[in-house]
Every structure is written in C-alpha cells, then in structure tokens.
Amino acid sequence: MSMMSTIGRFGAAIQSARRAARSERMLNRLPPEIQKDIGWPAPEHGRRRATLAIYMSPDR
C-alpha cells in the first residue's frame, strides 16, 4: 500500500469520525420528548465513545 493511499484513508476516517460526532451532538441537543419519539437513547455517564480505530478498520 502506498503512503498516499494510507494518508487518504486516514483523512477519510477522520472525516467520518467528525461527522458521526457532529450528528450525535445534534441529536443530544434535541428536546427529551423528541429524542424519546425517535428512539434516541439518553446520554449515559461513562459511555464508551467511538474511537478513530473503528473508522480505520479495513472492513469499512
């Protein structure tokens, strides 16, 4: 694998992680009634956050 393709994959993984985090923040800002209606879970304390490694897996 060339160095440029590795850098490209890394950039795509960062972009994907940022989009997922932004979506989660937007959903968490909704009023609790709407979150419940759409089935969004309430934020949990100590919840495990997605890591960049999830987006870097070759299966994606």
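## Briefing on a chain of three helices

R29 is placed in helix α1, and this arginine also belongs to a positive patch on the surface, together with R18, R19, R22 and R25. The structure shown above is a predicted model, and every value in this briefing was computed from that model. Read along the sequence, the chain follows the pattern α-α-α, with three helices and zero strands.

**The chain as a whole**

- Of the 60 residues in the chain, 5% are buried.
- The chain exposes about 5,400 Å², and carbon and sulfur atoms supply 59% of that exposed area.

**The positive patch**

- The residues that form this positive surface patch are R18, R19, R22, R25 and R29.
- R29 has a relative accessibility of 64%, and it counts as exposed because exposed residues are those over 50%.

**The nonpolar patch**

- A nonpolar patch on the surface is formed by M3, M4 and I7, which together have about 380 Å² of accessible area.
- M3 is found in helix α1, which covers residues 3–29.
- The relative accessible area of M3 is 65%, so this methionine is exposed by the cut-off of over 50%.

**A buried residue in helix α2**

- Q35 lies in helix α2, the helix that spans residues 32–38.
- Q35 has a relative accessibility of 9%, and it therefore counts as buried, since the cut-off for that word is under 20%.
- The side chain of Q35 reaches the backbone oxygen of L30 at 3.0 Å, a pair that falls within the 3.5 Å used for a polar contact.

**Reading the residues side by side**

- M3 and R29 are both exposed, whereas Q35 is buried.
- M3 and R29 are placed in helix α1, while Q35 lies in helix α2.

Notes
Residues are numbered from 1 along each chain as its sequence is written. This is a predicted model: local features need pLDDT of at least 70, side-chain atom pairs count only at pLDDT 80 or more; totals for chains, interfaces and linings use all residues. Side-chain values use heavy atoms; hydrogens and water are left out. Patches are made of residues with over 30% relative accessible area and no salt bridge: like charges are joined within 9 Å, nonpolar side chains (Val, Leu, Ile, Met, Phe, Trp, Tyr) within 5 Å. Accessible areas come from the Shrake-Rupley method with a 1.4 Å probe; for residues, only the protein chains shown count as cover. A salt bridge is a side-chain nitrogen of Lys or Arg within 4 Å of a carboxyl oxygen of Asp or Glu. Helices (H or I, at least four residues) and strands (E, at least two) are DSSP runs, numbered from the N terminus. Buried means under 20% relative accessible area, exposed over 50%, partly exposed in between (1.4 Å probe, protein chains only). Lys and Arg count as positive and Asp and Glu as negative; His and the chain ends are not counted. The place of a charge is taken as NZ of Lys, CZ of Arg, CG of Asp or CD of Glu. A polar contact is a pair of N or O atoms within 3.5 Å; within protein, one must be able to donate a hydrogen and the other to accept it, and residues adjacent in sequence count only if both atoms are side-chain atoms.
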